[in-house]
Structures are given as structure tokens and as C-alpha cells.
Amino acid sequence: MSSANPIKYDIAVVGGGLAGASLACALANTGLQIALIEAQAFDAPADDNMRARTTALAWGTRAMFDELGLWGEMAESAAPIKRLHVSQRGHFGRVQVAAEEYGLPALGYVVPNLVMIEALRNRLAGLDSVDVIAPARFQMLRYMDYDRIELSLTDEDDQPSTVSTRLLIGADGARSSVREALGIGAQIDDYHQSAVITIIEPERAHDGCAYERFNADGPVALLPRTADSCACVWTVPTDMARDLCATDDTDFITRLQNVFGERLGRLSLAGPRGSYPLARVLCDKAASTRAALIGNAGHSLHPAAAQGFNLAIRDALGLAATLREHQALKGHGFDPGDADMLAGWAEGRRPDQHRVANFTDAIVRVFSNRVPGLGHVRSMGLFGLSLAPGIRHDMARRSMGLALVEDASSTASMKKP
Ligand SMILES: Cc1cc2nc3c(=O)[nH]c(=O)nc-3n(C[C@H](O)[C@H](O)[C@H](O)COP(=O)(O)OP(=O)(O)OC[C@H]3O[C@@H](n4cnc5c(N)ncnc54)[C@H](O)[C@@H]3O)c2cc1C
């Protein structure tokens with residue numbers, strides 16, 4: 001592998017998914033030279049998984065995209081969530097929350113992933129300060145002198161190249177090679193479940209309501225996607241997910257209807273099916289020497305509470321804000337790999353990351369297992385939630401990715417009812 005005269009960057013972001021691309025956009029106009037290194041070609045055709053994928057964005061996340069000047073491009077394809085309806089199959093009790101109770105036009109928005117990716121990549125294409133290096137796969141790293149890391153990359157023909165950077169960001173997903181190369185450990189809990197995703201056309205209008213229904217096998221969510229369609233995220237044991245992806249359309253929709261019930265009338269299949277195996281990944285630390293982890297590389301969550309990206313963008317924009325502040329403070333002496341600055345950012349992010357990871361995990365374990373007798377407790381829980389305004393408010397803030405951010409990275413404010 002050649003390391004002769006590698007191109008020098010201030011910051012190299014490995015992973016051009018939603019988290020890495022958001023960070024690269026947030027760092028524009030800092031005067032820093034940034035490399036965004038992505039394993040997939042940016043113009044690669046979308047597969048079924050990607051075509052069916054949507055993300056429920058919290059109100060605060062929408063505000064962050066607005067701040068980046070990206071929300072305008074997404075807004076037309078964004079479906080507002082005006083109400084949230086959480087229930088459990090076969091048990092009494094439900095939680096309902098409406099945006100109007102909080103004086104907001106929507107609790108959050110559902111946006112197709114392809115729309116978000118396109119908006120981010122369009123922005124990146126116009127930024128002189130960001131070099132997109134794709135397709136290029138990060139392979140290994142080497143610390144150089146005292147102030148640089150050299151990264152070894154390969155292209156799709158396995159041809160090697162190198163770049164060097166003062167700060168390395170791992171945004172390369174749950175199985176992060178950057179995390180591994182940095183020697184950062186992670187706690188990995190396999191849920192032995194997969195999320196089956198598709199697009200559904202319901203007989204009755206969803207009216208902006210996001211439904212989440214807990215079943216013995218796992219939760220199924222039908223979220224507003226367009227005026228006439230819903231995004232379906234159905235969590236089941238992994239063997240069952242394989243079966244659900246392989247079976248014919250009629251059998252699939254019959255089984256979905258059976259677990260979801262009749263509240264939206266007859267359901268019809270309106271898109272491809274995809275599936276994602278689910279595990280909880282929590283890294284031991286988010287910052288290391290001249291390096292940091294954001295998004296799924298640092299923490300990957302079950303989608304039941306739709307929190308993963310909402311948390312990831314807070315990592316990314318929080319880090320961008322920290323870098324900007326430090327740059328303003330230090331002037332010419334600014335070092336993007338400053339150890340104290342990175343440690344401060346990681347420390348500041350930890351409470352939000354742990355709170356959201358624990359909340360998500362609790363939801364999955366309480367509502368999605370088959371322990372006899374727990375169903376009663378669960379439905380009492382939901383019944384209690386529907387009665388107790390404080391807890392219900394917490395559910396509204398945290399459930400389904402609608403959580404508002406209590407820390408400094410929040411740009412939204414919300415009145416308690
Ligand atoms: C079914 C499902 C539904 C979800 N719904 C929601 C939701 O409604 N709301 C929400 O907030 N979150 C949701 N999430 C979570 C959310 O999708 C993730 O948190 C988010 O996509 C994480 O983005 P990321 O950029 O960190 O990681 P990724 O999306 O995994 O991106 C990582 C990128 O790194 C690249 N890469 C990997 N290895 C290398 C390498 N060695 N070199 C270079 N590049 C590399 C990959 O090609 C990829 O582009 C959901 C997740 C699932 C599975």
C-alpha cells in the first residue's frame with residue numbers, strides 16, 4: 001500500500017450515510033478541508049431496502065435540517081405526524097398524543113431515506129471544502145508523527161490509496177471498521193429480531209396518525225408516508241422475517257392485517273419489502289486520540305422507538321458546533337483533533353445517548369417478549385400512561401422518534417400541556 005504524499009485533510013469522515021453526510025454538511029464554511037469517504041458509489045441504484053426505508057424525524061431534527069438549509073428540499077416529501085397512537089394487541093389500554101396539545105403543527109415528520117440522502121448529497125456536491133471519495137472503503141489506520149492519522153482505503157477494484165487527516169470521524173455504521181481499528185470496544189446485544197419494512201396503502205385515511213402496536217412477536221408501526229400511504233416497520237424474530245420477505249403478497253398482507261387489526265380498514269401492499277437484523281450496539285467511548293464516533297458507529301438502537309437517526313444528528317451537529325466554538329476560541333492555533341475538546345464533546349453527549357438507548361431498550365423488552373403474565377402488566381402500563389399526564393408527556397417526547405432534545409443542541413422548544 002502506497003503512502004507517498006497522501007492528500008492531507010483537516011477532517012476525514014468515514015461513512016457517507018445520514019450521520020456522516022449531515023456532519024460534512026454542518027462543517028461547511030469552517031474553512032476546514034474535509035474528506036467524506038463512502039464505500040458505496042453515490043450514484044449506485046437503490047435496492048429494495050433503501051426504496052422502502054423511511055425515517056421518523058423528531059420536531060427538533062426537522063429544526064436542525066432547517067438550520068442546515070436542507071429542510072426545504074425534504075419538506076415536500078415529508079408527511080407530518082399529527083397524532084401518535086400506541087396500543088397492544090389483545091389488551092386494554094392505549095396511549096394517544098396529539099400535536100395540537102403541544103401547540104405544534106406536527107409531532108414530527110416521516111421522510112423517505114432516499115429523499116434525505118439526495119438532499120444531503122446535492123448539498124455536498126456544491127461544497128468546495130468537502131471532497132467526496134466514493135466508492136472507497138476504509139481499511140486501516142496508522143498514527144503519523146504527533147498530529148496526523150493516515151487512512152488506507154481501497155476502491156471497488158481493490159486499488160489502494162491513502163489520505164491523511166488531523167481528525168478522523170467514524171460514521172460507518174453499527175459494524176464500524178473505524179471503531180475496531182481504533183481499538184474501541186462495544187457492547188453488542190443481538191435482539192434476534194429483524195425489522196421488515198414496506199409501504200402500505202390503507203383503505204381508511206391515516207389522517208396524520210402514526211400507529212404503533214405491540215404484539216407478542218414485536219411491534220408493528222404504520223406511519224404516515226404520503227396522503228394515501230403508510231410506511232410499515234414490523235419487528236419479528238429473524239426466522240419469521242425471512243419467511244415474511246419470501247412469502248407471496250397475499251399471505252404477507254393477511255398476516256400484517258392480523259397483527260395490526262382493522263383500525264385503518266383493509267391494508268394493501270404498495271412497495272417492495274426489505275429487512276434489517278436488529279442489535280443494540282453501545283460503544284465503550286465515543287472519542288479517542290484524534291478520533292470520534294457518531295451515529296450507528298457509536299450506538300445502534302432498535303427502531304421500535306424510532307430514535308436512532310434523531311440521536312445521530314444530535315451527535316453530528318453537536319460535534320460540528322463544538323469544532324466551530326473551539327475554532328473561534330483558538331484562531332490560528334485551532335487543532336480539530338484537540339484531545340480535551342473531543343473528550344468534552346463525548347462527555348456532553350453521553351447522558352442523551354444513554355437515556356435514549358435505555359428508554360428504547362426498555363420499550364422493546366417490556367412490550368415485545370412472551371413472558372407469561374407480562375401482557376397484563378403491559379396493558380396496565382399503557383392504561384396508566386393514558387391517564388397520567390406527566391408520563392404521557394414523556395412518552396410523547398420520547399416515543400417514535402419525537403423526542404425533543406433537552407441539551408444545548410436543541411433548537412426547538414415545546415410547551416408542556
Ligand atoms: C428499519 C429501521 C427503521 C428505522 N427508523 C428510524 C426512524 O424512524 N427514526 C430514527 O431516528 N431512526 C430510525 N432508524 C435508525 C436510523 O436509520 C439509523 O440510526 C441511521 O440510519 C444511522 O445512520 P449512520 O449514518 O450512522 O449509519 P449507516 O446508515 O449504517 O451508514 C453508514 C455508512 O457507512 C458506509 N460504510 C460502512 N463501512 C465503511 C467503510 N469501511 N468505509 C467507508 N464507508 C463505509 C456505509 O456504506 C454507509 O453508507 C431505523 C433503523 C432501521 C433499521
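**Figure 1. Residues around the ligand in the predicted model.** The ligand is surrounded by 33 residues, and those that come nearest are Gly 15, Gly 17, Gly 173, Gly 295 and Gly 308. Two or more residues of this shell come from each of α1 (18–26), β3 (54–58), β9 (137–144), β12 (186–202) and α9 (308–330). Helix α9 gives the most, with 4 residues. Sorted by class, the shell holds 16 nonpolar, 14 polar and 3 charged residues.

**Figure 2. An open sheet of 3 strands.** The strands follow the order β3-β7-β4, and their pairing is antiparallel. Which strands stand at the edges? They are β3 and β4 (79–81); each has a single partner strand, so one side of each has no neighbour in the sheet. From one strand to the next, the twist averages 30°.

**Figure 3. The pairing of β3 with β7, and the helix that lies across them.** Strand β7 covers residues 108–112 and pairs with β3 over 5 bridges, in the antiparallel sense. One residue pair can be picked out here: Ala 58 has Gly 108 of β7 as its bridge partner. Helix α3, made of residues 59–67, lies across both β3 and β7. The helix runs at about 95° to β3. Strand β3 also appears in Figure 1, as one of the elements that give two or more residues to the shell around the ligand.

**Figure 4. Helix α1 and what covers it.** How many of the residues of α1 are buried? The count is 9 of the 9, so the helix is largely enclosed by the rest of the structure. In order along the helix, the buried residues are Leu 18, Ala 19, Gly 20, Ala 21, Ser 22, Leu 23, Ala 24, Cys 25 and Ala 26. Among the elements that cover them are the strands β1 (7–14), β2 (34–37), β8 (130–133) and β11 (160–170). The helices α5 (113–125) and α9 also belong to this cover. Both α1 and α9 give two or more residues to the shell around the ligand.

**Figure 5. The protein chain as the setting for the close-ups.** The chain contains 12 helices and 20 strands. Of its 417 residues, 47% are buried. Among contacts with a separation of 6 or more, 74% are between residues 24 or more positions apart.

Conventions
Residues are numbered from 1 along each chain as its sequence is written. This is a predicted model: local features need pLDDT of at least 70, side-chain atom pairs count only at pLDDT 80 or more; totals for chains, interfaces and linings use all residues. A residue is near a molecule or strand if its C-beta atom, placed from the backbone, lies within 6 Å of it. Ala, Val, Leu, Ile, Met, Phe, Trp, Tyr, Cys and Pro count as nonpolar, Asp, Glu, Lys and Arg as charged, and the others, Gly among them, as polar. Two strands pair if DSSP finds at least two bridges between them. Axes are lines fitted to C-alpha atoms, for helices over the stretch in contact, and angles run from 0 to 180 degrees between N-to-C directions. Two residues are in contact if their C-beta atoms, placed from the backbone, lie within 7 Å. A residue is buried if 20 or more other C-beta atoms lie within 10 Å of its own, exposed if 12 or fewer, and partly exposed in between; C-beta atoms are placed from the backbone.
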